[in-house]
Structures are given as C-alpha cells and as structure tokens.
Amino acid sequence: MSRRRAWGWVAALRAGSTTPWLEWPADGTAGEGEALGDELPGAQQLALLRRLNLYAAAAGRTVPAAIADRVLGAGVSGRGRSELALVGVDEPGPAGQLGASGQFGPRPVDPDALTDDELLRVASALVADDVAVAAAVPDPEPGLLERVRSVRRPWVRSFVVVGMPWRADAVRADLTARGHRPGGRRPTAYLLADDLETVLVQAWAARCFDQGGATWRGFVRANAGAGNLPPRADVARMARSAAYKYGVERVRVVLDDQLLAEELGVPRLGAPPRLGAHAVDLVRRVGEPLGLLVPSEDRPRLLRETLGERLEGLGGPPPSLPPRWDGWLRTQAERTRHDLAAARYPVLGDLDQLLPRPLGSEQSGPVVPVDAEVLALALGLLLDPVTTRGSAKPKEEA
Amino acid sequence: MSRRVLLHVGTPKTGTSYLQDVLYKNRGRLLKQDVSYPADRFDAHFLAALDLMRLRWGGLEAQAVGAWDKLSAEVRAHEGTSIISHEILASASRSQVARALASLGHRPGGDTSDGGTEVHLFLSVRDLVRQIPAEWQENVKHRARFGYGRFLELIHDPERAHRVGAWFWGVQEIPDILDRWGADLPPERVHLVTVPPSGGSPDLLWERFSAAFELGELDLKLTTQRANPSLGVPESALIRRINRVAARDLPPQHYRPLVRELLAHRTLSKRTKSARLGLPPDQYPWVNELTESWIAELSRRGYDVVGDLADLRGAPAPTGKWVDPDHPPERQVAAAAVDAIKALLLDNAEAHAENERLRRKLEVARRELVRARTPRLMRSMEWTVHKLEHSGKGRQALEVYRKARNRTPG
C-alpha cells in the first residue's frame, strides 16, 4: 500500500507538486497512484524534482513533464551512496521476486533530509549530459566580416600573451578576433599578472574548467598547507619560463591592462567570463561526470562555451582566502614581487599591484562556495538547459 | 546476439585480478573455443565499469569515454559465450544495473525465448574478517590518510553518509549487491563463489572459479603468477604516513608507479614477517552477527553456491595480541622505512642511469641532425681538415694555407 502512496507522490511531483514526502497523505486513496515504472525513483531524484518545482514556482513557471522525467530517471554521479529508498515505503516486491528485501543496503531516507551536496550529485550529472549534447552542435561558421577581422595584420608587432591562464586565454582570443593574432618572429612575451589572491582565484577557475577536482577550500589548503603556490598561480615561475623560451629581454610583466592595450594598439583587452564562487564550483562539479562523456581535450572548451557563457555574472562574488592564510598569501606575494623586481623585467603598471589588496570594510568574511547557492544555479540550468546555444540566461536567485 | 554472458561483478580482494589476468592472457585461446573475453587492453573492463558508473578515478576516467558501449557491442556481436569481469561493478546502482543488463541483450526476467541473452551473474565473496582490513589497506594504497580506527568508524555509520562507508558497503554487502544485480535474474543464474579460509590449498580458489565459469574443460595456459601484495601492520602504517606528507604533492600518474607499485607492491609486501593486519577483537561480535544474517538470507534465496557459505564466517578472533596499525611498533616502521628508502634510491639510481643513457643518445642524435643539416661542401671541407691534421705533411700544408689566409687554428 505504501508503494502506491509513494507512486502517488511521484505523480504529484511530475505535475509540479511541492508537498514534502512526510506531509503526503498517508490515509485513504487520496495520495495513491499507479506505478509509473518498475522501480521507484531514488530519494535524491525525488528531492531534486521537488526543489526544482519550488524553484520554478518562485519564478512563476512550471517544470515541463519532459524535464521532470529526466530528473526522475537520472543517475547519481561520483562516489557515495547510490539511489536511496524512501523512508516509510514497504520494500518487498511482488511475491516470489528476488531482491528488494529492504533488509540490506543503505537505510531509507526522508528526501527532505538529504543535503544539497547529495542533490548536486544528481543535478550535475544532468547538466553534464546537456553540455555533452551541446558538443554535438557544430560551431557556427564565422562570417566574412569576422574572417576578415581575424586576419593577422602584417604591421602588428610580434608578441605572445602568457601568465594567468584564465585571463590569458580570453585576452588571446579577443586579440585574435581583432586581427592581433599573437605570434611572429622573436615575439615580446607579455606576462599577465595581478594581486596574488586574484591570481589564485583565477588559477582555481582555470583548473575547474580544465580538470575539475579540488574544492576552493581544498585547493587553497593543499597549496598553502604545503607552503607552495600552484603552478598556474606562480607568476615568478611563469616569468622564468617565458624568459627561457623567448629571452629575458623580451619579457614584460603586465599589471595594467590598459597600458598593454595601448601598446598593442587596441581599445581594450578581452576579459574572461566573470563567474562567482558558486558558479565556478558548479562548473567543477559538472566537469566530473562530463569527463566520462566527452574526450578530455574537449571538456574545457565545452564548459567555457556553455556554462562559462550562461553563468557569466552569476554565482555571487569570487571566492576569497580564509584569514588563516593571510600570512602565507602576503609572504608569497612579497616573494613574487621580489623575484620579478630582481630579474628586472620591464613592467607595465606597478609591481606593488602584486601585493594583497587591503580588506574592504564591507567584507564580512571569506567567500566560499555554498552548496545551496550552487544548487540554485544548477536548478536554473535544469529548467533552461544549455542544450541550445544562445538559450535564455536565467536570472540569479535572490 | 550472444547466447550467454558470464558477468562477474565482484567483490574486490577475492582473487579477481588473477582470474582477469588468466582470461586476458588467454583471450585468443578462449576465442578459438567460442568464448569471448573482449578486451584490447588488460584494464578494458575496468574502464568500461568506470564509464557505466560515471566514476572518476585519478584521471583514468578520461580513457573510459564510451568504453561500456564498446564492450557491450562486442559482447552482442559474439555468438557464443562472453565473459565480463570487474570487481568495482559491485557498486553499480539499480539504474546502472538496468542499463548494463539491457545493453547486453538481457530481457525482463531473463527471458531467452525470443533471442534474449542468458546472463549469468557471478559474485566471488570473502569473509568480512579479512575484507575489512583488506579494504582499509586498499584505501591506504590509494592515497588515503585516515587511520584504521577512523575507517572502522566510517563503515560503522548506519547512514553511510561518508563516501568511504558508502563505497565499502557498496562493494561488500553481498545481499544488497545481489538485490541490485540479481533482482531480475532467476536464482539458478546467480552464482556465488566463496573464497576458502586461509591456510588451505592455494589452488582451491582457482578450482572454484574454474568450476563456476566452466573453464575446466577449456585449454588454458595458467602461466601467470598469483600475486599476494598484502602489507603487514608497520608497512601499512608507513604508507599511510607517506600519504599524509606526500600524497598531495604527488600527482596520480607518479603516485601509482612510485608508492603503490614500487613501495607497496614490490618492496613492502615482501616483508612477510611483520604482524599481519587484522580485525580488532572488539569488532568480531557485530561482524559475526552481520555475517550470520547474510548467510541466512543467501541460503533462503537459493543461489548456486560454488564453495560453502560457511566460508563467510571467517576465522575466530586470534588469541594472540592484536597489533594496532594506528599505533604500530615504531622500530618495525623504521625498518620498513629503511627498506623503502633503499628501494627509492635504487630506483632513482636506475632513473639517473637511464637519463644519462638518453642524454648521450640525444647528443649523438643532435650531432647527426647538425651533420644532416650541414651542406655537403662544408662536410667535405671538415673531412679534409680532419685528415690533414692527422699527418705531418698535411699539417704543414694547412699551415701554409692558413698563413696565406692570415688565419690561425682554433
């Protein structure tokens, strides 16, 4: 009987209900329904659909049945508990059927008691599916004007852009689109740098798009705890590498983008998508299941073209370092400044820009990704999937 | 469409590597006898399992894209018997199991009347008395930094909220694994292979595998060695300490060959006189109680058992002193550390020698490249100078020439 009740709740969720499982009618036939499949969906999927209904209702919308069915049929990505049974449902299946004894396996749960992290395991797998679908959509052919604009002008001086990978990629792409394609003989190497906290944040963002893996806290702890800077944030090392490759006399440290823009003869430099802490964390989570759907070399581009564009300006402020690492940050920043100054690289801007910025008075504490905020972004992507380029951009939840 | 699929889904630490090694190395012979073990690399089924379960595994998952679909297509294309084997499949969820069985041609209820595949499920199982310490040790060999006590706490959590507990029971809770994998199969097509107790004939487990998979009648070469790379208490403690200080700095592609293979498998596993890792005495009561409930349930279900369900009871608690890997004998850890340092030094020396050999080879290649790019006339001149410098008259002739050109050697 309780299975019919559970199926009744499933049907209601498909129709947009937001009633919690524990408040679902337990007596009579009001809350009962016919089985919609062989197995009840897992508690994680049901909880996610209820949260999606709440999210849609807050925006005055309803969840289309096709999307509801996708959520109910989704898997759970990554390590951890697999689909969990609903608490209060008698497990034994039809007489004589093996399995589903209910005596073994993880304990049944109340879906409302599941953590946001547990729901994100389902949501990120669904978003990854959408991103993988977008991979099959061919890139639009560049128009004549775009092709003409991107032809390298013969009078453009030889240069390359190195340094902070997250920003350098965007600057290179923008310059190429303007006909300032990096390259040429004996180029000047412009090394993009910034204050060390910003460099670290961008190193983490680049890593989330390229490889996924560590959380912001884990990323900081792994490096600060070991006393090192991660390779993507070690500006002094990047400068040495550029000096080795292009010649020390041809390396210039860039700490003022406008000065570089003037030197290259462009009105301004391109910038990477501005993603907040929660948005980057969502990209990190989606990248994990996506790694099993597309070749690893395609993953960063796909994530940039889908989530990078859709999450632009969303996800709160960038992450910041917990105060316990202030001393480490300052030491590393001063070491970097000293190394660059000692090597006498020409600088566009002021080397003091490398040092940590003083905390603003309005800053109440370190910014770190919060599961609830990450889930809210994921719900937006479930309601308006990234399967088509240029799809509507969801508004950030208050 | 394949007639039969023998699907071996676990559990870990039950001799699965040996079975897979035999099957992989004999896949050509097997195919001639109408049995397919479809694998173009030794870890093909592992990658397929990662793909099916969308599991990340230290970067290896990047090689797993589409691996399950490829494997299942090969199985469907074979007309005879196919074998699939990997122990991490034990943790698959119900939806993943449904996808896997459907992709192999399984029909609901195992119906074969209209061309459905006859899927036989195999689960090799070992007592928890040995599996619990073995799983912690496996965690340690995969970069884990938590102690044995913490591991026991995590697997004791009834919510299984931590990934360690969830994974442990996902691959070790036999009735639940069979609930997920065997719910849609007739019980006579579910085969349990029990690992015999310690101290028996070393061939007994293989004989059981051989009987279960009907390999006894086939012509196979059993030339591979049965590896037993288990570690003792001080050795496990040492690896854990190494993980605590170095695992974060060592990327997986270096950790695997250096720590797991060189230190754990090739060096520390040879120290067999140290105390063996075991279950703490206070854990026996709940383990025994759980085991009895499993035996009762499995007996009731009527599966085909190769071996004896009583094997799951494991050995009783030893009467001697139990050695805690969280507080190991320090002298023994130090001795193990010296062995580890020696192994690393030798390996490093070998790497240095190899570097030197490659450096010399590179230098020769560089010279040849320069030579190949040098014009023929220049090479002829160099050859002439070289020859002239090796004879008295030649040197005189060169001197005259250089005076005439107002140049000096050097």
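Which residue lies over the face of B:Trp57? That place goes to A:Arg79, at 4.4 Å from the ring centre; a charge sits over a ring here if NZ of Lys or CZ of Arg is within 6 Å of the ring centre and within 35 degrees of the ring normal. This is a predicted model, in which local features need pLDDT of at least 70 and side-chain atom pairs count only at pLDDT 80 or more, while totals for chains, interfaces and linings use all residues. Residues are numbered from 1 along each chain as its sequence is written, chains are lettered from A and ligands numbered from 1 in the order in which they are written, and side-chain values use heavy atoms, with hydrogens and water left out.

A:Arg79 turns up again around B:Leu55. Setting aside residues up to four places away in sequence, B:Leu55 touches A:Gly78, A:Arg79 and A:Leu292 from chain A, along with B:Leu50, B:Glu61, B:Ile88 and B:Trp167 (contact means heavy atoms within 4.5 Å). B:Leu55 sits in the loop between helix 3 (44-53) and helix 4 (67-77) of chain B; helices (H or I, at least four residues) and strands (E, at least two) are DSSP runs, numbered from the N terminus. With 4% relative accessibility, B:Leu55 counts as buried, the cut-offs being under 20% relative accessible area for buried, over 50% for exposed and partly exposed in between (1.4 Å probe, protein chains only).

Now for chain A as a whole. Its secondary structure comes to 14 helices and four strands, and its C-alpha trace spans about 80 × 55 × 40 Å along the principal axes. Of the 398 residues in chain A, 52% are buried. Taking contacts in chain A between residues at least 6 apart in sequence, 81% join residues at least 24 apart. The domain assignment splits off domain 1 (2-89 + 107-114) and domain 2 (156-284 + 310-378) in chain A, with bounds that come from an automatic or database domain assignment. Their centres, taken over C-alpha atoms, are 43 Å apart.

Strand 1 (residues 159-163) of chain A is largely enclosed by the rest of the structure, because five of its five residues are buried. A:Phe159, A:Val161 and A:Gly163 point one way from this strand, A:Val160 and A:Val162 the other way. Strand 1 of chain A runs parallel to strand 2 (residues 188-192) of chain A, and five bridges join the two; strands pair if DSSP finds at least two bridges between them. Opposite A:Val160 in strand 2 of chain A stands A:Ala189.

Elsewhere in chain A, A:Ser17 lies in the loop between helix 1 (2-14) and helix 2 (43-58). Its relative accessibility is 15%, so A:Ser17 counts as buried. A polar atom of the A:Ser17 side chain is 3.1 Å from the backbone nitrogen of A:Thr19. Beyond its neighbours within four places in sequence, A:Ser17 is in contact with A:Ala12, A:Trp24 and A:Asn53. Another charge over a ring involves A:Arg5, whose charged end sits over A:Trp21, 4.2 Å from the ring centre.

Chain B has an open sheet of six strands in the order 2-3-1-4-5-6, with parallel pairing. Strand 2 (35-36) and strand 6 (304-306) of chain B are at the edges with a single partner strand each, so one side of each has no neighbour in the sheet. Within this chain, strand 4 and strand 5 (residues 190-194) pair in the parallel sense over five bridges, and B:Leu123 has B:Leu192 in strand 5 as its bridge partner.

Aromatic pairs come to 17 over all chains; rings of Phe, Tyr and Trp (its six-membered ring) pair if their centres lie within 6.5 Å, with planes under 30 degrees apart counted as stacked, over 60 as edge-to-face and the rest as tilted. B:Tyr18 and B:Trp206 are edge-to-face, 5.5 Å centre to centre with 80° between the planes. B:Tyr18 belongs to helix 1 (residues 16-25) and B:Trp206 to helix 10 (residues 204-212) of chain B, so this pair ties together parts 188 residues apart in sequence. B:Phe122 and B:Phe213 are stacked, at 4.2 Å and 20°. Ring pairs also link B:Phe146, B:Phe151, B:Phe168, B:Trp169, B:Trp286 and B:Trp294 into a cluster.

Technical notes: Polar contact = N/O pair within 3.5 Å; in protein donor to acceptor, adjacent residues only side chain to side chain.
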